[in-house]
Amino acid sequence: MAWFKAASLELIARVDGYLKILALHEVACERIESSNPGKIIYEDPDQVVVIPWAHDGAEPVE
């Protein structure tokens, strides 16, 4: 899963528009916010890619 960092306001501002386009094409999607989305496997100035935590938050789901 890929997440924008909270400081990437310009990119985050575009998300709702993308969700509307996906909804018009009946693509299921949702916007989720998290301060701890999972184990980071990639990071750059604007985003992180993570392996999500298991439902109990103990270990990543691989």
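This is a short talk on one predicted protein model, from its overall layout to a few single residues.

First, the ground rules. Residues are numbered from 1 along each chain as its sequence is written, and side-chain values use heavy atoms, leaving out hydrogens and water. Because the model is predicted, local features need pLDDT of at least 70 and side-chain atom pairs count only at pLDDT 80 or more, while totals for chains, interfaces and linings use all residues.

Confidence next. pLDDT is the predictor's confidence in each residue, from 0 to 100. The protein averages 89. A score of at least 70 is reached by 89% of the residues. Among the elements, strand E1, residues 2–4, has the lowest mean pLDDT, at 92. E2 has the highest, at 96.

Now the layout. The protein has 1 helix and 3 strands. Both kinds are DSSP runs numbered from the N terminus: helices are H or I with at least four residues, strands are E with at least two. From the N terminus on, the order is β-α-β-β.

Some totals. Of the 62 residues, 18% are buried. Buried means under 20% relative accessible area, exposed means over 50%, and partly exposed lies in between, with a 1.4 Å probe and protein chains only. The accessible surface is about 5,100 Å². Carbon and sulfur atoms hold 58% of that surface. The areas come from the Shrake-Rupley method with a 1.4 Å probe; for residues, only the protein chains shown count as cover. On contacts, meaning heavy atoms within 4.5 Å, take those with a separation of 6 or more. Residues 24 or more positions apart account for 36% of them.

Let's walk through the helix. H1 covers residues 9–24 and bends by about 25° at Asp16. That bend is the angle between axes fitted to the seven residues ending there and the seven starting there. Ile12 sits in H1. Beyond four places in sequence, Ile12 touches Phe4, Lys5, Ala6 and Arg31. The C-alpha atoms of Ile12 and Asp46 are 9.8 Å apart, with the two positions 34 residues apart along the chain counted as their separation.

What phi does Glu26 take, just after H1? A positive one, about 55°, although Glu26 is not a glycine. Most residues other than glycine have a negative phi. Glu26 lies in the loop between H1 and E2. Glu26 is exposed, at 76% relative accessible area.

Glu33 belongs to the loop between H1 and E2 as well. Glu33 is exposed, at 66%. Its side chain makes a polar contact of 3.4 Å with the side chain of Arg31. A polar contact is a pair of N or O atoms within 3.5 Å; within protein, one must be able to donate a hydrogen and the other to accept it, and residues adjacent in sequence count only if both atoms are side-chain atoms. Glu33 and Ala6 are 27 residues apart along the chain, and their C-alpha atoms are separated by 9.1 Å.

On to the hairpin. E2 (residues 38–43) and E3 (residues 47–52) pair in the antiparallel sense over 5 bridges. Pairing requires at least two bridges found by DSSP. The hairpin has 3 residues between its strands. Glu43 stands opposite Val48 in E3.

Last residue: is Ser8, in the loop between E1 and H1, buried or exposed? Ser8 is buried, at 6% relative accessibility. Outside its neighbours within four places, Ser8 contacts Pro45 and Asp46. The side chains of Ser8 and Asp46 share a polar contact of 3.1 Å.
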